[in-house]
Amino acid sequence: MPFLLFILIFPFFLLSCGGKSNVKEISPEETLKLIERGVVVIDVRTPEEFVTGHIRGAKNIDFMSRDFFKKIKKLDKDTPYIICSRDGRTGKVAAKVMESEGFKKLYNMDGGIIGWAEKNYPVIKGH
């Protein structure tokens, strides 16, 4: 199933690689500053991964779930979002997919939750 999802999503990623992107790669330090200014974090890991540790206030929208598109359609496309994954790689793909769906300002946290935790920033366990 994850491979099939990858095959379906990869063309969006390729199409969005050319031209001006609405996705910016940011460090955990930049992420912290944006969170302090009220930017919402979307954690795209599975619920099982999310409960092992996430950023306070993060919204869990599993990129590999069948209802990913349904859930992101409920979000305001003009609002900026920080995308967080395990190590930043899935976050980059999720952000590109969201960009292809019309989201205007997206940040992908380089290093993901691993990079965040390595900076000793707070990680919340549980829901």
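1. Start with the strand pair β2 and β3. Strand β2 (residues 40-43) is joined to β3 by two bridges, and the two run parallel. One residue pair can be named: D43 has N60 of β3 as its bridge partner. Keep in mind that this is a predicted model.

2. Now the whole sheet. Five strands form an open sheet with parallel pairing. Their order is β1-β5-β4-β2-β3. The edges are held by β1 (23-26) and β3 (59-60). Each has a single partner strand, so one side of each has no neighbour in the sheet. As a reminder, strands of a sheet pair through backbone hydrogen bonds, parallel or antiparallel.

3. Two helices deserve a look against this sheet. Helix α2 (residues 28-36) packs on it and touches β1, β2, β4 (81-84) and β5 (106-109). The direction of α2 makes about 115 degrees with that of β1. Helix α5 (residues 89-100) lies across β1, β2, β4 and β5. Relative to β5, helix α5 runs at about 170 degrees.

4. Next, R45. Where does R45 lie? It sits in the loop between β2 and α3 (47-50). Is R45 buried or exposed? R45 counts as buried because its relative accessibility is 6%, and the cut-off for buried is under 20%.

5. The contacts of R45 fill in that picture. Setting aside neighbours within four places in sequence, R45 is in contact with F50, T52, G53, H54, N60, D62, C84, S85, R86 and I113. Among them is N60, the bridge partner of D43. C84 is another of these contacts. R45 and C84 are 39 residues apart along the chain, yet 7.9 Å separates their C-alpha atoms.

6. R45 also helps line the largest pocket. The full lining is V44, R45, T46, E49, D62, M64, S85, R86, D87, R89 and T90. D62, S85 and R86 are in this lining and are also contacts of R45. How do the lining residues divide? Six are charged, three polar and two nonpolar. The space in the pocket is about 180 Å³.

7. Last, check the backbone at N120. Its phi is near 60 degrees, a positive value in a residue other than glycine. N120 is found in the segment after α6 (112-118). With a relative accessibility of 70%, N120 counts as exposed, for which the cut-off is over 50%. R45, by contrast, counts as buried.

Definitions and conventions:
Residues are numbered from 1 along each chain as its sequence is written. This is a predicted model: local features need pLDDT of at least 70, side-chain atom pairs count only at pLDDT 80 or more; totals for chains, interfaces and linings use all residues. Side-chain values use heavy atoms; hydrogens and water are left out. On a 1 Å grid over the protein atoms alone, a cavity is a set of points where a 1.4 Å probe fits but cannot get out, and a pocket is an open set with protein on both sides within 12 Å along at least five of seven lines; lining residues have an atom within 4 Å of a point. Grid points are joined across faces, edges and corners, and a volume is the space filled by probe spheres set on the points. Ala, Val, Leu, Ile, Met, Phe, Trp, Tyr, Cys and Pro count as nonpolar, Asp, Glu, Lys and Arg as charged, and the others, Gly among them, as polar. Helices (H or I, at least four residues) and strands (E, at least two) are DSSP runs, numbered from the N terminus. Buried means under 20% relative accessible area, exposed over 50%, partly exposed in between (1.4 Å probe, protein chains only). Two strands pair if DSSP finds at least two bridges between them. Contact means heavy atoms within 4.5 Å. Axes are lines fitted to C-alpha atoms, for helices over the stretch in contact, and angles run from 0 to 180 degrees between N-to-C directions.
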